[in-house]
Amino acid sequence: MFSTINRITQIYQQPLPDLLFEAQRVHREHHDPHAVQLCTLSSIKTGLCPEDCAYCSQSVHNKTELAPQALMDVEAVLAEARAAKAAGSTRFCMGAAWREVKDGPLFERVLEMVRQVADLDMEVCCTLGMLKPHQAEQLKTAGLTAYNHNLDTSPDYYSQIISTRTYQDRLDTIRAVSAAGISVCCGGILGLGESVEDRLSLLEALAELEPAPESIPINCLVPVKGTPLQDVPPVDPIELVRTIATTRILFPKAMVRLSAGRMQMSDELQALCLLAGANSIFTGPVLLTTPNPDRNYDQQLLSRLGMVPKPL
Ligand code: SAM
Ligand code: DTB
Ligand code: SF4
């Protein structure tokens, strides 16, 4: 009997043609191979985050050139959501640079944003830091589809990247989210200086979640000047493709999202990621605080590939 990590390693290490063939077979069994879900991010509260995530432009611990912004008004967020929908996005994700959600008027405002975006007939996702069970329930009642909370890296490497919270803190929030009946969006970042073993161990930790995440963002580090990781070398592209294919095989039904880092990727690499089982991208000129390809470029890339935006 193989342990999970041995099985994951065996999948990952196959010759690339076999790995891609298996990933495509699994992908086609559960998803339309031509369809890519377009999602749009909005940074509803930017910067001055007390957490010390070594990759992040928004941490107070990092000396970055970011202009902080207080929690936006509901109307301004709604205008972004409408524009995202008009541009073909079916999922709108609101991110706040908070360590955790605090009860009170700011959270009430976020709940109102969730209600109003849900009324636009879009999937609505939030990523607000740590949540308590009663807050997750309030988000569910407001109409939240999904909550993003990444494990980011392996349990072993985690403390090299973040010291202000533990892996267990992340798992507790994820548990509160799924207990409230909200879909879990949970993935990680490649390119933090971790080993391939760390990446596979992250996939193992994701596979241990119950229920399995329905949405898995795979981010590649966007190096931000002033962070401790500003000079870490980029991820090997073939390792990225292998990681995506392995994720697809392990999580056949999940949406696998090719998330941060596409500015640094060639068209061919993005195409390979989509062939390896990624079926969603973030569109629009900025992610939360860093640049992203513009919408026309992405539309043309999809049409060159004969692929289409996934309808809701
Ligand atoms: N503050 C919340 C939290 O940490 O859960 C939500 C926002 S945070 C920006 C969401 C995710 O974005 C992080 O977990 C990380 O995986 C990813 N991320 C942040 N900065 C990044 C960067 N410079 N490059 C790639 N991914 C990044
Ligand atoms: C995720 O895993 N990636 C998105 C979303 N969840 C919130 C965020 C990427 C942020 C990239 C860095 C930035 O733009 O600040
Ligand atoms: Fe704060 Fe999230 Fe950035 Fe960490 S990743 S510093 S928690 S905004």
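## Exercises: backbone, salt bridge and ligand sites

L48 lies in the loop between β1 (35–45) and α3 (74–86); helices are DSSP runs of H or I with at least four residues and strands are runs of E with at least two, numbered from the N terminus. The model is predicted: local features need pLDDT of at least 70 and side-chain atom pairs pLDDT 80 or more, while totals for chains, interfaces and linings use all residues. Residues are numbered from 1 along each chain as its sequence is written, chains are lettered from A and ligands numbered from 1 in the order written, and side-chain values use heavy atoms, without hydrogens and water.

**Exercise 1.** State what is unusual in the backbone at L48 and at the bond from E210 to P211.

*Solution.*
- Step 1, the reference: most residues other than glycine have a negative phi, and most peptide bonds are trans.
- Step 2, phi: L48 is not a glycine, yet its phi is positive, about 55 degrees.
- Step 3, omega: the peptide bond from E210 to P211 is cis, with omega near 0 degrees.
- Step 4, location: P211 belongs to the loop between α8 (196–207) and β7 (215–220).

**Exercise 2.** Work out why E29 and R25 are separated by about one helical turn.

*Solution.*
- Step 1, the pair: E29 and R25 form a salt bridge through their side chains, at 3.4 Å from N to O. The criterion is a side-chain nitrogen of Lys or Arg within 4 Å of a carboxyl oxygen of Asp or Glu.
- Step 2, the spacing: the two residues are about one turn apart because they stand 4 residues apart in helix α2 (residues 16–30).
- Step 3, the principle: side chains of opposite charge can pair when their charged atoms come close.
- Step 4, the total: the structure has 10 salt bridges.

**Exercise 3.** Describe the surroundings of ligand 1 and the polar contacts it makes.

*Solution.*
- Step 1, the shell: 18 residues surround ligand 1, and T127, N150, D152, R170 and V222 come nearest. A residue counts if one of its heavy atoms lies within 4 Å.
- Step 2, the classes: this shell has 10 nonpolar, 6 polar and 2 charged residues. Ala, Val, Leu, Ile, Met, Phe, Trp, Tyr, Cys and Pro are nonpolar, Asp, Glu, Lys and Arg charged, and the others, including Gly, polar.
- Step 3, the contacts (N or O pairs within 3.5 Å): nitrogen atoms of ligand 1 lie 3.2 Å from a polar backbone atom of Y55 and 2.9 Å from a backbone N or O atom of V222. The side chain of N150 places a polar atom 3.0 Å from an oxygen atom of ligand 1.
- Step 4, the cover: ligand 1 alone has 560 Å² of accessible area, and the protein covers 89% of it (Shrake-Rupley method, 1.4 Å probe).

**Exercise 4.** Find which side chains make polar contacts with ligand 2, and where ligand 2 sits.

*Solution.*
- Step 1, nitrogen: a nitrogen atom of ligand 2 is 3.1 Å from an N or O atom in the side chain of N148.
- Step 2, oxygen: side-chain atoms of N150 and N219 each lie 2.8 Å from an oxygen atom of ligand 2.
- Step 3, burial: of the 400 Å² that ligand 2 exposes alone, the protein buries 87%.
- Step 4, the classes: the shell has 5 nonpolar, 7 polar and no charged residues.
- Step 5, the site: ligand 2 sits in the largest cavity. A cavity is a set of points, on a 1 Å grid over the protein atoms alone, where a 1.4 Å probe fits but cannot get out; sitting in it requires more than half of the molecule's atoms within 2 Å of its grid points.

Terms used: Polar contact = N/O pair within 3.5 Å; in protein donor to acceptor, adjacent residues only side chain to side chain. 1 Å grid on protein atoms, 1.4 Å probe; cavity = no way out; pocket = protein on both sides within 12 Å on 5 of 7 lines; lining within 4 Å.
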